[in-house]
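Me: I have a sequence and a model open side by side. Let us go through the fold, the rings and the empty spaces, one question at a time.

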Amino acid sequence: MKRSAKTEHSILSNIFFFLRIMFKISPILVIGECFWGILMTIPTRLISVVGVKYVIDTVESGGDTHRIIYAVIIIAAVLIVSETINWLFRELISGIEREKLVKGLNTMFYNKAKSLDLEAYDDPHFYNNFILSIESSTGQIQHILGMVSRYIGELVSLITISSIILTIDPICLLIILAAIIIFTPLGKKIGSLQSERRIENNKYHRRADYFARVFYLQDYAKEVRMNNIKPLLIERYNEAADDVINNQRKYVKKIDTIYFFQEGGLQILGFMFILPLYLGYCVLQKHTLSTGDFVATFNGAFAVAQAFSFLTIFVARNFAEQAKMIEKFREFLKHENKIYDGKGTANGSAVEEIELRNVSFTYPGNDEPSVKNVNITLKPYEKIALVGYNGAGKTTLTNLLLRLYDVTEGEILIGGRNIKDETIESHRSRFAAVFQDFQLFAATLGENVSLDTAPDKERVENALRHSGFTKEMAHGTQTELLREFDDEGAMLSGGESQKVAVSRAFYKHCPYVIMDEPSANLDPIAEYNLNRAMMEAAKDKTVIFISHRLSTTVNADRIYVMENGAIVESGTHAELMAMNGKYAYMFNLQAEKYQTNNA
């Protein structure tokens, strides 16, 4: 499936796209924010125009002072009621619903992230958008809701106050609108610059954040303390931090200059010079405005200016910036995978023949293939080993078998059916895989073994026993691992962690097992016990394992030697040793090393 062509959406399209998502998750919050914007804007604006005019006109006409008192009481009551409603909304609804919105949005992003092809992680442009979407979703909610809320309030205010001023003096309204329209393009330019700055800052911040991880993650603690790497890290951090600072400098001067002309021109030229001159002329020369009309029109003019300025200049500046961020969200959410479901459902229980026919694969952006014309047939229940130097293509081959990537050329068949013709989930569910770069999760020991929310305790314990995990845990399989969510979480050694990862293969009911360096962190005795347990537990499964320790391959039914992405030798251990080729050379080299070390 080809990726859809990149398209730029309009500002309104992007804003409404994000609003639709938010409304779907929390309609009460979106609707409430719209009413909140009106309540926060209209009462004070009307009071500054209509209320003040009424009081001044009453005083000038010599009216009853009780009318003024009543007016003040009504104004105070309106303000108290609106503030009370706003307070109740903020305290009882807004906070909770915003957290629900964050949860819903992040869940959507996480589900999308889980479905991505691994190839997406190899694309720096897409990966940047991925990180930006995940990290800025909460802030984006605050910005969009705040702007939409204020937008509704300012729009209602503009219509209401403009109607009042129109009945008093239409020319005053024209002066205000003309001044604002003249300076609107500058606001749009500021929005574009702010968006560009944010995107570039995200790239530079990612570099700087790397050093934060180095200094606080336990994985790096020993290396940092035992070696003289600190000066290099600090130097590199300073370079990354300086890039952020220099990027800020590059944009600040441009943005501030444009902002000065925009705000200075609008406020000083339009509202502090031309408008007061016209109002003064109407009051002193033409006598077409009363004192109340003068104050109401002047206050109303600033209310209209504030509303119109927000709806045009501010929106052009800030909505343009937010819209570009939302464009990144849309690109991330609409990303089309190249690996897609077939129509069939894989047989998750039967152990069938696996055949790789003329399989080749080239990573995106690379000129040379990582796997070249590989042909392998795995009989049911066979135990095969892939060996070779780093970069030979062993892990890539297993990734193709799992459909983490799809072959560039050739095909992979299981039971005579192309794996592309079956759904991804049903295909992958028939494999248990232990990766070289395995990870433990902040969850219980049982959940780490089962990778499920409801682990079977007996099966977990059996799986751990087969992997050689013997560490006494405070709460058995219910013991929390890591300390993200539990300050007393258990911290395991590298070898213990690897045994937990290996136990996942023993736990899962499936016909095929892939082990990528399953004994890399184990001592020789633990390695021997693991291999024996693995062969015993997987006697009714087809097993593919990758290992640089050739002592683990001796009992394999067939060994495939890879070099530069191709199969260069294959056979049993005895057959390959008799060939006296690459495998025999590597095996003898390792055996000689062990003998030398033991001498």
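Me: Over how many bridges do β1 and strand β4 pair?
Reply: Bear in mind that this is a predicted model. Strand β4 covers residues 409-414. Its pairing with β1 runs in the antiparallel sense. The number of bridges is five.

Me: Which residue in β4 stands opposite I354?
Reply: Strand β1 spans residues 354-361. I354 faces a partner in β4. That partner is I414.

Me: In what order do the four strands of the open sheet run?
Reply: The pairing in this sheet is antiparallel. Its edge strands are β2 (371-378) and β5 (417-418), each pairing on one side only. The order is β2-β1-β4-β5.

Me: Which residue in β2 is the bridge partner of F361?
Reply: β1 and β2 pair in the antiparallel sense over five bridges. One bridge in β2 sets T377 against E355. For F361, the bridge partner is V371.

Me: Is F361 buried or exposed?
Reply: The cut-off for buried is under 20% relative accessible area. F361 has a relative accessible area of 3%. That value falls below the cut-off, so F361 is buried.

Me: Is β1 largely enclosed by the rest of the structure or largely open, and how many of its eight residues are buried?
Reply: The count of buried residues settles this. β1 is largely enclosed by the rest of the structure because, of its eight residues, the number buried is six.

Me: What kind of aromatic pair do F361 and Y363 make?
Reply: The structure holds eight aromatic pairs. In this one, the ring centres are 4.8 Å apart and the planes meet at 80 degrees. Planes over 60 degrees apart count as edge-to-face. The pair is therefore edge-to-face.

Me: Which residues form one aromatic cluster with F18?
Reply: Look for phenylalanines here. The cluster joins F18 to F109, F329 and F332.

Me: At what distance from the ring centre does R90 lie over the face of W36?
Reply: An arginine also lies over a ring elsewhere: R330 is over the face of F17, at 4.2 Å from the ring centre. For R90 over W36, the distance is 3.9 Å.

Me: Where is G344, and which residue has its C-alpha atom 4.2 Å away?
Reply: G344 sits in the loop between α9 (291-333) and β1. Its relative accessibility is 24%, so G344 counts as partly exposed. The other residue is 78 residues apart from G344 along the chain. It is E422.

Me: How far apart in space are F302 and I161, C-alpha to C-alpha?
Reply: F302 is found in helix α9. Its relative accessible area is 27%, so F302 is partly exposed. I161 is 141 residues away in sequence. In space, the two are separated by 9.9 Å.

Me: What is the volume of the largest cavity?
Reply: A search of the whole structure finds four cavities of 30 Å³ or more. The largest has a volume of about 70 Å³.

Me: Which element gives the most to the lining of the largest cavity?
Reply: β2, β3 (383-387) and α10 (394-401) each supply at least two residues. The top contribution is three residues. They come from α10.

Me: How many nonpolar residues are in the lining of the largest cavity?
Reply: The lining includes L356, I376, L386, T398 and I544. By class, it has one polar and no charged residues. The nonpolar count is eight.

Me: Which residues lining the largest pocket are the closest to its centre?
Reply: This pocket has a volume of about 1,900 Å³. It is lined by 40 residues. The closest to its centre are K114, L404, R428, F435 and L451.

Me: Which element gives the most to the lining of the largest pocket?
Reply: Elements that each supply at least two residues include α3 (65-115), α12 (445-450) and α14 (494-507). The top contribution is four residues. They come from β6.

Me: How many charged residues are in the lining of the largest pocket?
Reply: Sort the lining by class. It has 20 nonpolar and 10 polar residues. The charged residues number 10.

How values were computed. Residues numbered from 1 in each chain as written. Predicted model: local features only at pLDDT ≥ 70, side-chain atom pairs only at ≥ 80, totals over all residues. Heavy atoms only, no water. Pairing = 2+ DSSP bridges. Phe/Tyr/Trp six-rings, centres within 6.5 Å; stacked < 30°, edge-to-face > 60°. Buried < 20%, exposed > 50% of the residue type's maximum accessible area, 1.4 Å probe, protein only. Lys NZ or Arg CZ within 6 Å of the ring centre and 35° of its normal. 1 Å grid on protein atoms, 1.4 Å probe; cavity = no way out; pocket = protein on both sides within 12 Å on 5 of 7 lines; lining within 4 Å. Points joined across faces, edges and corners; volume = space filled by probe spheres on them. Nonpolar A, V, L, I, M, F, W, Y, C, P; charged D, E, K, R; others polar.
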